[in-house]
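Welcome, and please load the model in your viewer. We will begin at a single residue and then zoom out to the whole chain.

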Amino acid sequence: MKIEEAIKLLNGKSFDNKLTELYVDQNRVPYEKKRYLKAIDSYRTYFGEGEIEIFSAPGRSEIGGNHTDHQHGEVLAASINNDAIAVVRKLEEPFVKVMSDGYSNLITIQLDDLEKKIEEEGTTDALIRGVLAKMKMNGHLIGGFQAYVTSEVLIGAGLSSSAAFETLIGTILSYLYNDGKVTPIEIAKIGQYAENVYFGKPCGLMDQMACSVGSLVHIDFADPENPIVEQVNFDMNAYGYSLCITDTKGSHADLTPDYAAIPQEMKQAAKCFGKEFLGEVPKEEILNHITLIRELAGDRAALRALHFVCENERVKKEVDALRKDNFPKFLANVKESGDSSFKYLQNVYTCHDVQHQNVSIALALSDVIFGEKGVCRVHGGGFAGTIQAFVPNYLVSNYQEEMDKIFGKGSCEVLKIRKYGGIKVL
């Protein structure tokens with residue numbers, strides 16, 4: 001579709017239903033239309049006129065299973081209606097060119113130079129190069145394209161901005177060069193490979209899977225190469241609740257050792273039983289040999305092992321509660337998950353800086369506001385970043401106001417679960 005045709009479509013009414021379906025909120029349609037039009041205008045500034053396509057990939061919210069995926073456990077996660085979008089044109093030349101909103105440098109990747117580069121670790125260049133390399137390794141076609149990318153998936157807020165970006169690039173390659181036939185699950189694995197090997201972050205597969213597959217998904221990672229993925233029907237509004245995410249504005253500086261220690265200590269606990277991952281160790285073995293774990297791996301490793309085996313069971317309970325339309329039971333398990341993350345997983349604040357506890361403050365204030373009416377928990381990796389809360393609709397405005405007083409205007413956002421993962425929108 002030519003740029004002028006796309007602009008005409010967005011300025012009319014015929015595209016409104018698709019945007020409503022994608023963003024799960026009719027009130028957001030005017031905003032999204034302006035956002036898309038601005039992205040097209042920016043694309044034209046950098047790349048000129050011509051044919052374009054538009055792609056979208058969502059962020060994700062982890063609902064259940066805090067730090068379980070990397071131990072071959074189970075998770076409950078959802079794609080959300082905050083996304084990254086790309087205005088794209090296929091190129092005949094063997095280059096991928098990406099300009100991102102807010103950045104001044106054009107990223108250019110040559111398709112004949114896809115080896116990992118140590119100096120690129122931790123950069124967007126590494127993610128793009130890694131996705132291209134793994135797509136090719138998996139036997140899929142790759143080729144050139146130019147793209148302008150803008151994202152509303154906050155960086156460092158626990159909503160998986162990097163996984164959304166990886167999914168976006170994988171989805172673009174799937175549609176431009178493979179007739180859209182690369183499955184969402186494979187795109188997720190390709191994204192994880194890019195993040196693990198090229199970007200240098202030892203993440204599990206949950207983030208990419210939730211971003212790529214879409215909807216609310218229950219994922220069993222017992223066999224990481226062949227995860228079992230099932231979508232769960234869940235209309236939160238039908239229960240009179242909203243999902244709120246609050247960015248506590250905590251610094252992520254120097255937290256890598258805290259994040260890395262969690263899978264490391266869980267693996268040390270598993271090693272006490274001759275296993276590599278806790279997902280291979282029955283709960284009874286953990287409970288019956290806590291002393292052994294304490295002796296060989298330490299007390300915190302023992303506590304984190306207890307969190308894992310109980311959290312894994314909680315995911316099953318959450319899924320079962322939703323299937324049985326038992327929302328109070330679901331909320332009770334979300335609260336238990338939050339308590340376990342705070343007390344046993346211990347990822348709410350870093351022990352190296354106890355004077356700064358943004359997440360703890362947000363959780364405490366939420367508990368005071370809710371009483372017995374809502375629940376909250378740490379969201380994502382923890383230590384800084386965000387909390388998640390299930391809030392009665394009548395309390396949402398007051399809750400947002402109170403959170404914004406502490407953490408700044410716009411800190412608390414109401415999210416919706418969207419049914420699409422990576423998708424070609426236009």
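Select Gly-214 to begin: in this predicted model, Gly-214 is buried, because its relative accessible area is 0%, and the cut-off for buried is under 20%.

Now show the backbone around it. Gly-214 sits in the loop that connects α7 (206-213) with β6 (216-220).

Which residues touch Gly-214, leaving aside those up to four places away in sequence? Select Ser-79, Met-209, Gln-231, Arg-418, Lys-419, Tyr-420 and Gly-421 to display them.

Keep Lys-419 highlighted and draw a distance between C-alpha atoms. Gly-214 and Lys-419 are 205 residues apart along the chain, yet their C-alpha atoms are separated by 5.1 Å.

Next, zoom out to the whole protein and switch to a cartoon view. You should find 14 helices and 12 strands. Among contacts with a separation of 6 or more, 72% join residues 24 or more positions apart.

Turn the C-alpha trace along its principal axes, where the spans are about 65 × 50 × 40 Å. The radius of gyration is 22 Å, which agrees with the value near 22 Å for a compact globule, because the protein has 426 residues. Colour by burial, and 54% of those 426 residues count as buried.

Finish with the surface. The protein exposes about 18500 Å², and carbon and sulfur atoms supply 50% of that area. Then colour by charge: there are 46 positive and 59 negative side chains, and the centres of these two sets lie 3 Å apart.

Conventions
Residues numbered from 1 in each chain as written. Predicted model: local features only at pLDDT ≥ 70, side-chain atom pairs only at ≥ 80, totals over all residues. Heavy atoms only, no water. Helix = DSSP H or I, 4+ residues; strand = E, 2+ residues; numbered from the N terminus. Rg over C-alpha atoms; globule rule 2.2 N^0.38 Å. Buried < 20%, exposed > 50% of the residue type's maximum accessible area, 1.4 Å probe, protein only. Contact = heavy atoms within 4.5 Å. Areas by Shrake-Rupley, 256 points an atom, 1.4 Å probe, with all protein chains shown as cover. Lys, Arg positive; Asp, Glu negative; His and termini not counted. Charge placed at Lys NZ, Arg CZ, Asp CG, Glu CD.
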